[in-house]
Amino acid sequence: MSTETSTIRSICVYCGSQPGRDPIYMEAGRALGRSIADHGLRLVYGGGTRGIMGAVASGVHSNGGEVTGIIPEFLMDKEATRHSLGQLNELIVTADMHERKHTMFERADAFVALPGGIGTLEEIVEIMTWAQLGRHRKPMVFGNMNDFWKPMLDLLQHMRAEGFVHTAHLVQPLVVDKAEDIVPAILAAASGANGREGEAEIISRL
């Protein structure tokens, strides 16, 4: 396990509590988890132990990393089991979804959206909204395996073209196609070492 000198100490991952139809999604979850652990970072996530959420947490755990799960009490028996939640390094049980999202935001230094459903979409959109409002400048990443997020990225571009994203410079999520490239992209963005040309290429995809 390597230790990175960076402002990034923890990464919040939003993703599906289902595995999806393509095995590449579960593979991406495990690969991202391994990468988070290998870089000496902590996973902050929604606490689920099923689907892609479980794959990410398992990838971190099996490689010696630390995991913080944040879950509302009403979801404890839906997205996980109480026994499996007891295996996390840290478990935070919240009163509701609002408290969960706020706690995840406070605990994380960067945000990644892997493939998922409506909840995943809502979470990353809220983080982008807060960035647009100037509440944070933490790195944001779309894990675009199998072009999963292409419709969303096209919509963002359409919004911008139609004049509805007036502070686009504050909403510049990275788009990364391979799970193993996500953490290096975050660390590079945080340190300013990614270079203007590479950054422009990534941002242009939006």
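Before I come to the pockets, let me fix one term: Ala, Val, Leu, Ile, Met, Phe, Trp, Tyr, Cys and Pro count as nonpolar, Asp, Glu, Lys and Arg as charged, and the others, Gly among them, as polar. Please also keep in mind that what we are looking at is a predicted model.

With that wording, the lining of the second largest pocket divides into 12 nonpolar residues, 3 polar and 1 charged. That pocket has a volume of about 290 Å³, and of the 16 residues that line it, Met-128, Leu-156, Met-159, Val-165 and Val-171 lie nearest its centre. Two elements, helix 5 and helix 6, which spans 150-161, each give two or more residues to this lining, and helix 6 gives the most, with 6 residues.

Let me turn now from the pocket to the enclosed space. The count comes to 1 cavity of 30 Å³ or more, and the largest cavity has a volume of about 30 Å³. Its lining consists of Tyr-14, Lys-101, Glu-123, Glu-126, Ile-127 and Trp-130, and here the division is into 3 nonpolar residues, no polar ones and 3 charged. Helix 5, residues 118-132, gives the most to the lining of this cavity, with 4 residues.

Two of those lining residues, Tyr-14 and Trp-130, bring me to the aromatic side chains, where a search of the whole structure finds 6 aromatic pairs. How are the rings of Tyr-14 and Phe-111 arranged? Their centres are 6.2 Å apart and their planes stand at 5 degrees, so the pair is stacked, given that planes under 30 degrees apart count as stacked. This pair links distant parts of the chain, since Tyr-14 sits in strand 1, residues 10-14, while Phe-111 sits in strand 5, residues 111-113, and the two are 97 residues apart. Is Tyr-14 buried or exposed? Tyr-14 is buried, and Phe-111 is buried as well.

The stacked pair also belongs to a wider grouping, in that Tyr-14, Phe-105, Phe-111 and Trp-130 form one aromatic cluster. Two members of that cluster have a basic side chain over the ring, and I would like to take them in turn. Arg-135 lies over the face of Trp-130, at 4.7 Å from the ring centre, whereas Lys-138 lies over the face of Phe-105, at 4.1 Å from the ring centre.

To draw this together, Tyr-14 is a residue that lines the largest cavity, stacks with Phe-111 and takes part in the aromatic cluster, while Trp-130 lines that cavity too and carries Arg-135 over its face.

How values were computed. Residues numbered from 1 in each chain as written. Predicted model: local features only at pLDDT ≥ 70, side-chain atom pairs only at ≥ 80, totals over all residues. Heavy atoms only, no water. 1 Å grid on protein atoms, 1.4 Å probe; cavity = no way out; pocket = protein on both sides within 12 Å on 5 of 7 lines; lining within 4 Å. Points joined across faces, edges and corners; volume = space filled by probe spheres on them. Phe/Tyr/Trp six-rings, centres within 6.5 Å; stacked < 30°, edge-to-face > 60°. Buried < 20%, exposed > 50% of the residue type's maximum accessible area, 1.4 Å probe, protein only. Lys NZ or Arg CZ within 6 Å of the ring centre and 35° of its normal.
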